[in-house]
Amino acid sequence: MNIPNILTLARIAFIPLLVVLFYLPFAWSMPLAAAFFALASVTDWLDGYLARRWNQSTPFGAFLDPVADKLMVAVALALLIERYDALWLTLPALVIIGREIVISALREWMAEMGKRGSVAVSWLGKVKTTLQMVAIFLLLAFAPGTPIAVLAVVTLYVAAVLTLWSMVLYLKAAWPHLSRSM
């Protein structure tokens, strides 16, 4: 167990806390939920940075880091779907969640074929992740209908478009291997 892995585990531990804070009936609960989401988002970047910098990458960390990220984002988006109760927020949230499922399955399948590098995380995936984290933070921190929440929804749509774009690029890279198995 090393510091990057502890940070990843902490990100998973923040998930139930995020849910509890989301449902507390106090004025401070949503800003605090947003703050915990922001802290968890920073650990997503920090654990990878420290693992590379300190040469502490482990198979456990390589497995758990994307799981923690996807769990945190999926739970936060599910909470926001309930909070907003609107098709215009549900659509990009479902696109993001659905893409994560598809790409996770694709990466698993490609790894079985020894071709995991064909679907490695790209710069586009990093931009997409940053935008969705910012959008989710803002959607948690600010009440629906406020100007910042509207900007956050637009940011979530941009993240959803990048999500689809990156999925197409991953599928295109994997297509030669996928088409051989048809």
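Asp44 and Arg11 form a salt bridge in this predicted model, with their closest N and O atoms 3.5 Å apart. The pair links distant parts of the chain, since Asp44 belongs to helix H2 (residues 29–53) and Arg11 to helix H1, 33 residues apart. Across the whole structure, a search finds six salt bridges. Side chains of opposite charge can pair when their charged atoms come close.

**Arg11 and its partners**

- Arg11 has a relative accessible area of 0% and is therefore buried, the cut-off for that word being under 20%.
- Asp44 also counts as buried, because its relative accessibility is 15% and the limit is 20%.
- A salt bridge joins the side chains of Asp47 and Arg11 as well, at 2.8 Å from N to O.
- Asp47 sits in helix H2 and Arg11 in helix H1, so this pair ties together parts of the chain that are 36 residues apart in sequence.
- With a relative accessible area of 3%, Asp47 is buried.

**The pair Arg99 and Glu100, and a network**

- Which residue does Arg99 meet in a salt bridge? The partner is Glu100, and the N to O distance between the two side chains is 3.1 Å.
- Arg99 is buried, its relative accessible area being 3%.
- Glu100 is buried too, with a value of 9% for relative accessible area.
- Elsewhere, salt bridges that share partners join Arg11, Asp44, Asp47 and Asp65 into one network.

**A nonpolar patch on the surface**

- Met1, Ile6, Leu9 and Phe60 make a nonpolar surface patch of about 400 Å².
- Of these residues, Ile6 lies in helix H1, which covers residues 3–23.
- Is Ile6 buried or partly exposed? Ile6 has a relative accessible area of 46%, so this residue is partly exposed, as the class lies between the limits of 20% for buried and 50% for exposed.
- Ile6 can belong to the patch because its 46% is over the 30% that patch residues need.

**Helix H1 in summary**

- Helix H1 holds Arg11, which is buried and pairs with Asp47 of helix H2.
- Helix H1 also holds Ile6, a partly exposed residue that helps to make the nonpolar patch.

Note on methods: Residues are numbered from 1 along each chain as its sequence is written. This is a predicted model: local features need pLDDT of at least 70, side-chain atom pairs count only at pLDDT 80 or more; totals for chains, interfaces and linings use all residues. Side-chain values use heavy atoms; hydrogens and water are left out. Patches are made of residues with over 30% relative accessible area and no salt bridge: like charges are joined within 9 Å, nonpolar side chains (Val, Leu, Ile, Met, Phe, Trp, Tyr) within 5 Å. Accessible areas come from the Shrake-Rupley method with a 1.4 Å probe; for residues, only the protein chains shown count as cover. A salt bridge is a side-chain nitrogen of Lys or Arg within 4 Å of a carboxyl oxygen of Asp or Glu. Helices (H or I, at least four residues) and strands (E, at least two) are DSSP runs, numbered from the N terminus. Buried means under 20% relative accessible area, exposed over 50%, partly exposed in between (1.4 Å probe, protein chains only).
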